[in-house]
Amino acid sequence: MPAENPRPRPEDAAEEHQRFLAWEEEMLAAVAALEAHGTTVVLSTHDVDLAWRWADEVALVVDHVVHQGEVTDALTDGALVEAARLRPPWSVQLLREMGIEPAAAGWPRTPADVAVALASSHSSQDSRVTR
């Protein structure tokens, strides 16, 4: 009698995501160690959030043409990102949905940076309301 395939549990997905995040942190630490020793690192990925968080420059390919530039310029150019069949980084989307331009918030590139930008925006809104 064949073994039953158990249904995936939501906790399994959460655990898998935590393992992925831990792996990503290990990979970024290894890359940082290489850079600290003067090694230039080139990383190929379709993960715009990883590129946003780590890269100084990115290259996007659109219709066989390579568009290279600073990560903050390239990945916030909606037309370019869409033409490359990508999406903007989550932090850029979130900030813009909340009416905050990433440049005005100091280009937050990590979750901690985004939290600081949101807290700063919230406290500046509070001070305007209480005046």
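A colleague new to this structure puts some questions to the modeller.

Colleague: Good to meet this one! What kind of model is it, and from which number does residue numbering start along each chain?

Modeller: This is a predicted model, where local features need pLDDT of at least 70, side-chain atom pairs count only at pLDDT 80 or more, and totals for chains, interfaces and linings use all residues. Side-chain values use heavy atoms, with hydrogens and water left out, and residues along each chain, as its sequence is written, are numbered from 1.

Colleague: Thanks! How many bridges join strand β1 to strand β2?

Modeller: Helices (H or I, at least four residues) and strands (E, at least two) are DSSP runs, numbered from the N terminus. Two strands pair if DSSP finds at least two bridges between them. Here β1 covers residues 57-62 and β2 residues 65-70, and Val61 stands opposite Val66 in β2. The two strands run antiparallel, and the number of bridges joining them is 6.

Colleague: Which residue in the hairpin of β1 and β2 takes a positive phi, and is that residue buried or exposed?

Modeller: Most residues other than glycine have a negative phi. The hairpin has 2 residues between its strands, and Asp63 takes a positive phi near 50° there. Buried means under 20% relative accessible area, exposed over 50%, and partly exposed in between (1.4 Å probe, protein chains only). With a relative accessible area of 69%, Asp63 is exposed.

Colleague: And where is Trp107, which also has a positive phi although it is not a glycine?

Modeller: The phi of Trp107 is about 55°. Trp107 counts as partly exposed because its relative accessibility is 28%. Its place is the loop between α5 and α6 (111-130).

Colleague: Let's turn to charges. How far apart are the closest N and O atoms of Glu25 and Arg53?

Modeller: Side chains of opposite charge can pair when their charged atoms come close. A salt bridge is a side-chain nitrogen of Lys or Arg within 4 Å of a carboxyl oxygen of Asp or Glu, and by this rule the count comes to 4. Glu25 and Arg53 form one of them, with their closest N and O atoms 2.6 Å apart.

Colleague: Which helices does that pair of Glu25 and Arg53 tie together?

Modeller: Both residues are partly exposed, Glu25 at 40% relative accessibility and Arg53 at 27%. The parts they tie together are 28 residues apart in sequence, because Glu25 lies in helix α1 and Arg53 in helix α2.

Colleague: Where does Arg87, the salt-bridge partner of Asp49, lie?

Modeller: The closest N and O atoms of Asp49 and Arg87 are 2.7 Å apart. Asp49 is in helix α2, so the pair ties together parts 38 residues apart in sequence, with Arg87 in the loop between α4 (78-83) and α5 (90-97).

Colleague: Finally, which element gives the most to the lining of the largest pocket?

Modeller: On a 1 Å grid over the protein atoms alone, a pocket is an open set of points where a 1.4 Å probe fits, with protein on both sides within 12 Å along at least five of seven lines; lining residues have an atom within 4 Å of a point. The lining of the largest pocket has 22 residues, and among those nearest its centre are Leu43, Thr45 and Glu57. α2 (48-54) and β1 each supply at least two residues of that lining. The element giving the most, with 5 residues, is β1.
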